Amino acid sequence: MISDRVNVIGGGLAGSEAAWQLAKRGIPVRLYEMKPLFRTPAHVGDKLGELVCSNSLRAARIASGPGLLKEEMRRLDSLVMRAADANAVPAGGALAVDREGFSACIDETLRSHPLVEIVCRRLDEIPPTDGITIVATGPLTAGGMTEAIRRLIGAEYLYFYDAAAPIVTAESVDMRIAFRASRYEKGSDYLNCPMNKEQYDAFVDALVSAETAPLELEEEEKVFEGCMPVEAMAARGHMTLAYGPLKPVGLSDGAGARPYAVVQLRQDNKEGTLYNLVGFQTHLKFGEQKRVFSMIPGLEHAEFVRYGVMHRNTFINSPGLLNADYSLKKQGNIYFAGQITGVEGYIESTASGLVAGISAACRAAGLPAPVFSPYTAVGALGAYVAREGVADFQPTNINFGIIRQPELPRRLKKADKYERIARHALAVTDQFVKEEQEKWNSKGLQS
Ligand SMILES: Cc1cc2nc3c(=O)[nH]c(=O)nc-3n(C[C@H](O)[C@H](O)[C@H](O)COP(=O)(O)OP(=O)(O)OC[C@H]3O[C@@H](n4cnc5c(N)ncnc54)[C@H](O)[C@@H]3O)c2cc1C
């Protein structure tokens, strides 16, 4: 019997999943949740595991990043996935849930668990203890906790807003149109999408008339003070972009001519599988981003793995701070979990809670730390936030661009390739589950 309690702060998706993974392994948990005493501007209910916005957990098929992540979590006995599957509603190829039933399932399971103590309190400090704590207070972390985190990790490592440009897969950029070059022939680091005058005119017209997403929170207005969305810049004048982020100076296309305007794409991951659109932080609705940005020559068939966003989002600069199991490098008994680590989305937040929970359970039980493989979607997210040497860290959704690929035959169709990567990831996950069970059983414990 393990007697030291693990503290989990925040009973959202990540905190609830972490608490479950601990308790099911026989580790007592004290889960601090401030609702209903206090609420963030996005939370309305009283239950644990609340969905703050959409009721969709995204694509269901395993040959998609979100589908694979969910299937891996099912195999890792995720409480959030149990609740989702038990409360699924018809949604075509997506997994959507009855939000009330979903939260009720998570809430009841944790409240009735003999090893979970739920304390209704807003924590303004990380509990001063040598024991284990998981901080899962979310993108809208409340009260003095923000300051406590800042003191722990340093002011320069805590961000409050997420203003990010869309990211596309490199393989979906049409290189018959785009060309590689850096300005003034200083290398070939960028992918450049050239526009002639007609294309530029049509693009700017579409951009300024496209529909923007409604502001979810009042504070989001502050985002625009320091960082202008590309559509707002375009609205200032028809040529503003051509003299700003789309300026063609120092660039010439294959025929040696200077294009009228150029959209530059910058490499976004070490592997070179992902590129972001430089200067394209945006507040357009996701569907509008797809429609308007696909007008850019070379991006007609681009696969968007992340759309641009501008919203309040408290997150830490995880690269260099966190290990791949979401523990702090400088203080391994403290873990972070959820959106605050720089993963983006419901299921990604859940996955980080799952990893932090299992890892913290092993630490509490004195067992070797589990290693989540970068060949899996669950492991790839941890590896993404923990990778070293990142200059401009931006949160990410799960996508195949960050999952390490096994050896594959060349020239596979994309769908076949993703299917094979997914099958491999699931086999690795099954092996992981088996080895974890053996590890815990060898100590007379259950995983
Ligand atoms: C407005 C908004 C809309 C979003 N919409 C979507 C969407 O549609 N789809 C999607 O995939 N993702 C969405 N996200 C992103 C993200 O997936 C969600 O925020 C998700 O809920 C993050 O999970 P989490 O566990 O990290 O945080 P949360 O689910 O927010 O959980 C954090 C918990 O900690 C509690 N808490 C906060 N501070 C304290 C404290 N000091 N002491 C004690 N308790 C505290 C909160 O009450 C909350 O219950 C959205 C984010 C925001 C802000």
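**Group meeting: a small sheet, the whole chain, and the ligand shell**

Okay, let's start with a small piece: an open sheet of three strands, running β3-β5-β4, with antiparallel pairing. The strands at the edges are β3, residues 56-59, and β4, residues 88-89; each has a single partner strand, so one side of each is left without a neighbour in the sheet. Keep in mind that this is a predicted model.

Let's zoom in on one of those pairings. β3 and β5, which is residues 94-97, pair in the antiparallel sense over two bridges. If you want a spot to click on, take Ser56: its bridge partner in β5 is Ala96.

Now step back to the whole chain. You've got 13 helices and 16 strands in there. How does the radius of gyration sit against that of a compact globule? For 447 residues you'd look for something near 22 Å, and the chain has 23 Å, so the two agree. Along the principal axes, the C-alpha atoms fill a box of roughly 75 × 50 × 45 Å. Of the 447 residues, 47% count as buried. And if you take the contacts with a separation of 6 or more, 72% come from residues 24 or more positions apart.

Last stop, the ligand. It's surrounded by 35 residues, and the closest are Gly10, Gly12, Cys53, Gly138 and Gly338. Which elements supply at least two residues of that shell? Those are α1 (13-23), β2 (29-33) and α11 (346-365). α1 gives the most, with three residues. By class, the shell has 16 nonpolar residues, 15 polar and four charged.

Conventions. Residues numbered from 1 in each chain as written. Predicted model: local features only at pLDDT ≥ 70, side-chain atom pairs only at ≥ 80, totals over all residues. Pairing = 2+ DSSP bridges. Helix = DSSP H or I, 4+ residues; strand = E, 2+ residues; numbered from the N terminus. Rg over C-alpha atoms; globule rule 2.2 N^0.38 Å. Buried ≥ 20, exposed ≤ 12 C-beta atoms within 10 Å, placed from the backbone. Contact = placed C-beta atoms within 7 Å. Near = placed C-beta within 6 Å. Nonpolar A, V, L, I, M, F, W, Y, C, P; charged D, E, K, R; others polar.
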